[in-house]
Amino acid sequence: MSTTSPAATPAGTSAGTPPSSPSAQPSGPPPARRKGSGVDWRIRFGALALIWGCSFLFIKLGTDGFAPLYVSLGRMVFGTAVLLAVVAVKRERLPSGPRVWGHLAVAAFLLNSLPFTLFAYAELRVSSSLAGICNATTPLWGMVLSLVALSEDRPTRRRVAGLGIGFLGVLTVLGAWQGFSGQDPAGTLMALVASASYAVGWIYVRRNLSSTGCSHLATSGSQLLVGTVQLAVVAPLFSPLPVSFPAVPLLAVLALGALGTGFAFLVQYGLVAEVGPTTATLTTYFIPVVATVAGVALLGEDLSWNTPVGAVIVLAGAALTQSRPKAGGAGRP
């Protein structure tokens, strides 16, 4: 899934290949390489993939006790609290100017409010495993946008082939040959639209928030803050306020926000700074695996053969869409 602004996320380095993580996306150029923390980067990499993969489990548990809009709102509240607390400790300044905040509002809608809410509604109808696999289609949607000239990236034959392979994988996951039986069309569509929203959001941020004059952390925290306000206004209009706060759903929303949206961004930002975006973006390929294992093992979700096979095809296609031509003209269209 995805959370804030695209530059700190690996695939955010190209508008045509947005990351499919559940929550972090910083604006601006990637941070300069630096030495890592005391924890080996491989451990942090694994923790990040685990947190983001389990986000779909947390969404499913959260919707057991709260309306989808309040799951998304709680997620934003806790995620914003984590990032703004770090901003305050580091005494970093927030962006200024109505133009920047206007762009942050659009980015928050495309990268946070809309996809978070759509995934929550989708998981009322489909399994967390399927939602996690749909999330992996984000790079494919980014490729579609590049084909319709919404990106500066010029598609290559390899990347176009990746697009075709990826959507073949989606059809495999859904069991197209048997008329999509066993799948909820509305729920699946919502999850796919949520993933497409991430792709649109990446391009928007790259074009309009590449330089805010503030750090990635401050910009991302501001984006989440705006998204929180958006959902705080909308949620009461469409869903009644919660009358009870059951423990398990509440803890799931807390984990979804504080871990999957706040802490995960900080880990991802550190990984990009230490090992670079190319290595850090590999978390994308572990997210649907973790989501599927968590859904089957902890929620008892059914898993037919076409789901994991289709997921592998989707990830193979996504990998091709993120490939770049080598120097000397290799991969030229």
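Me: Which side chains does arginine 125 or aspartate 184 meet in a salt bridge, and how should I read that pair?

Reply: Happy to start there. Side chains of opposite charge can pair when their charged atoms come close. In this predicted model, arginine 125 and aspartate 184 pair with each other in a salt bridge, at 2.9 Å from N to O. Arginine 125 sits in the loop between α3 (98-122) and α4 (128-135), and aspartate 184 in the loop between α6 (157-174) and α7 (185-208), so this salt bridge ties together parts that are 59 residues apart in sequence.

Me: Are those two side chains buried, partly exposed or exposed?

Reply: Arginine 125 is partly exposed, with a relative accessible area of 47%. Aspartate 184 also counts as partly exposed, at 22% relative accessibility; the cut-off for buried is under 20%, so aspartate 184 does not fall in that class.

Me: How many salt bridges does a search of the whole structure find?

Reply: The search gives 3. One of them joins glutamate 274 to arginine 44, with 2.3 Å between the closest N and O atoms. This pair links distant parts of the chain, since glutamate 274 belongs to helix α9 (residues 247-275) and arginine 44 to helix α1, 230 residues apart. Arginine 44 is buried, its relative accessible area being 13%.

Me: What about aspartate 40: which residue is its salt-bridge partner?

Reply: That partner is arginine 42, and their closest N and O atoms are 3.2 Å apart. Aspartate 40 is partly exposed, with a relative accessible area of 36%, whereas arginine 42 is exposed, at 53%.

Me: Let's turn to helix packing. At what angle do α1 and α11 pack, and how far apart are their axes?

Reply: For a helix pair, look at the angle and at the distance between the axes. Helix α1 (residues 41-62) packs with helix α11 (residues 287-299) at about 45°, and their axes are 8 Å apart. That angle makes α1 oblique to α11. As for handedness, their crossing is right-handed.

Me: Which residues meet where α1 and α11 come into contact?

Reply: Try selecting both sets in your viewer. On the α1 side are Ala49, Leu50, Trp52, Gly53, Cys54, Phe56, Leu57, Lys60 and Leu61; they meet Ile287, Val290, Ala291, Ala294, Leu298 and Leu299 of α11.

Me: How many residues of that contact are nonpolar, polar or charged?

Reply: By class, the contact of α1 with α11 has 13 nonpolar residues, 1 polar and 1 charged. With Gly counted as polar and Lys as charged, you can place Gly53 and Lys60 from the α1 list in those two classes.

Conventions. Residues numbered from 1 in each chain as written. Predicted model: local features only at pLDDT ≥ 70, side-chain atom pairs only at ≥ 80, totals over all residues. Heavy atoms only, no water. Axes fitted to C-alpha atoms, helices over the stretch in contact; angles between N-to-C directions. Helix = DSSP H or I, 4+ residues; strand = E, 2+ residues; numbered from the N terminus. Parallel < 35°, antiparallel > 145°, perpendicular 65-115°, else oblique. Left-handed = near helix turned anticlockwise from the far one by under 90°. Contact = heavy atoms within 4.5 Å. Salt bridge = Lys/Arg side-chain N within 4 Å of Asp/Glu carboxyl O. Buried < 20%, exposed > 50% of the residue type's maximum accessible area, 1.4 Å probe, protein only.
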